[in-house]
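Got a model open and wondering where its labels come from? Let's go through a few of them, one question at a time.

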Amino acid sequence: MRYLLVGLAGALGASLRYAISIYFGEQFNSDFPLATLSINLVGSLLLGWLTSFLPRFPNINPNISTAITTGFLGAFTTFSAFSVECVALLTNGQAIVAFSYITLSLVGGFICAFVGLRFGTKEGNL
């Protein structure tokens, strides 16, 4: 049952990521991969929050928690797209944009995960 739930949640997460990428592509004409950056930062925040928040509710079925975190958020965020976009930027001679993207993704991801973890605690203060 857990595998089925993770797979279904993963399909939803991947579909949402694709829809957001299409939307960003239509709205913003930029060489900077804003869609993937935004998705990964939001995903880091949500995963951090849920990791510390969900255990406070022992009645939540562990299969549901795993489907949300590993399935939905695992498919929603993507390291592979990040990697390919970085290589494409470097290959196209856009080193400054690539290194800006790498820095924002890594530092921003850690900050978002930290903030999410803190929000999920009982105190909720940073």
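A contact here means heavy atoms within 4.5 Å. This is a predicted model, and residues 24 or more positions apart account for 72% of its contacts with a separation of 6 or more.

Q: What makes up the fold, read along the sequence?
A: The pattern is α-α-α-α-α, with five helices and zero strands.

Q: Why is T36 called buried rather than exposed?
A: Its relative accessible area is 7%. Buried means under 20%, so T36 qualifies. T36 lies in helix α2 and touches T78, A81, F82, E85 and Y101, leaving aside residues up to four places away in sequence.

Q: How do you know that the length of helix α5 agrees with its residue count?
A: The expected span is 1.5 Å times one less than the number of residues. For the 26 residues of α5 (residues 95–120) that gives 38 Å, and the end C-alpha atoms are 37 Å apart, so the two agree.

Q: Which residues of α5 are buried, and what covers them?
A: The buried ones are A98, Y101, S105, G108, G109, C112, V115, G116 and G120. Their cover includes α2 and α4 (79–91).

Q: How many aromatic pairs does the ring-centre rule give?
A: Rings pair if their centres lie within 6.5 Å, and the count comes to eight.

Q: Why is the F32 and Y101 pair called edge-to-face?
A: The ring centres are 5.5 Å apart, and the planes meet at 75°. Edge-to-face needs over 60 degrees, so the label fits. The pair ties together distant parts of the chain, 69 residues apart: F32 sits in the loop between α1 (2–27) and α2, Y101 in helix α5.

Q: What makes F32 partly exposed and Y101 buried?
A: Partly exposed runs between 20% and 50% relative accessible area. F32 has 22%, so it counts as partly exposed; Y101 has 0%, so it counts as buried. Both belong to one aromatic cluster with F79 and F82.

Q: Why is the W49 and F53 pair called stacked?
A: The planes are 20° apart, with 4.7 Å from centre to centre. Stacked means under 30 degrees, so this pair passes. W49 and F53 are four residues apart in helix α2, so about one helical turn separates them.

Q: What makes I60 eligible for a surface patch?
A: I60 has 32% relative accessibility, and a patch residue needs over 30%, so I60 clears that cut-off. The nonpolar patch consists of F57, I60, I64 and I68, with about 290 Å² of accessible area together.

Technical notes: Residues are numbered from 1 along each chain as its sequence is written. This is a predicted model: local features need pLDDT of at least 70, side-chain atom pairs count only at pLDDT 80 or more; totals for chains, interfaces and linings use all residues. Side-chain values use heavy atoms; hydrogens and water are left out. Patches are made of residues with over 30% relative accessible area and no salt bridge: like charges are joined within 9 Å, nonpolar side chains (Val, Leu, Ile, Met, Phe, Trp, Tyr) within 5 Å. Accessible areas come from the Shrake-Rupley method with a 1.4 Å probe; for residues, only the protein chains shown count as cover. A salt bridge is a side-chain nitrogen of Lys or Arg within 4 Å of a carboxyl oxygen of Asp or Glu. Buried means under 20% relative accessible area, exposed over 50%, partly exposed in between (1.4 Å probe, protein chains only). Helices (H or I, at least four residues) and strands (E, at least two) are DSSP runs, numbered from the N terminus. Rings of Phe, Tyr and Trp (its six-membered ring) pair if their centres lie within 6.5 Å; planes under 30 degrees apart count as stacked, over 60 as edge-to-face and the rest as tilted.
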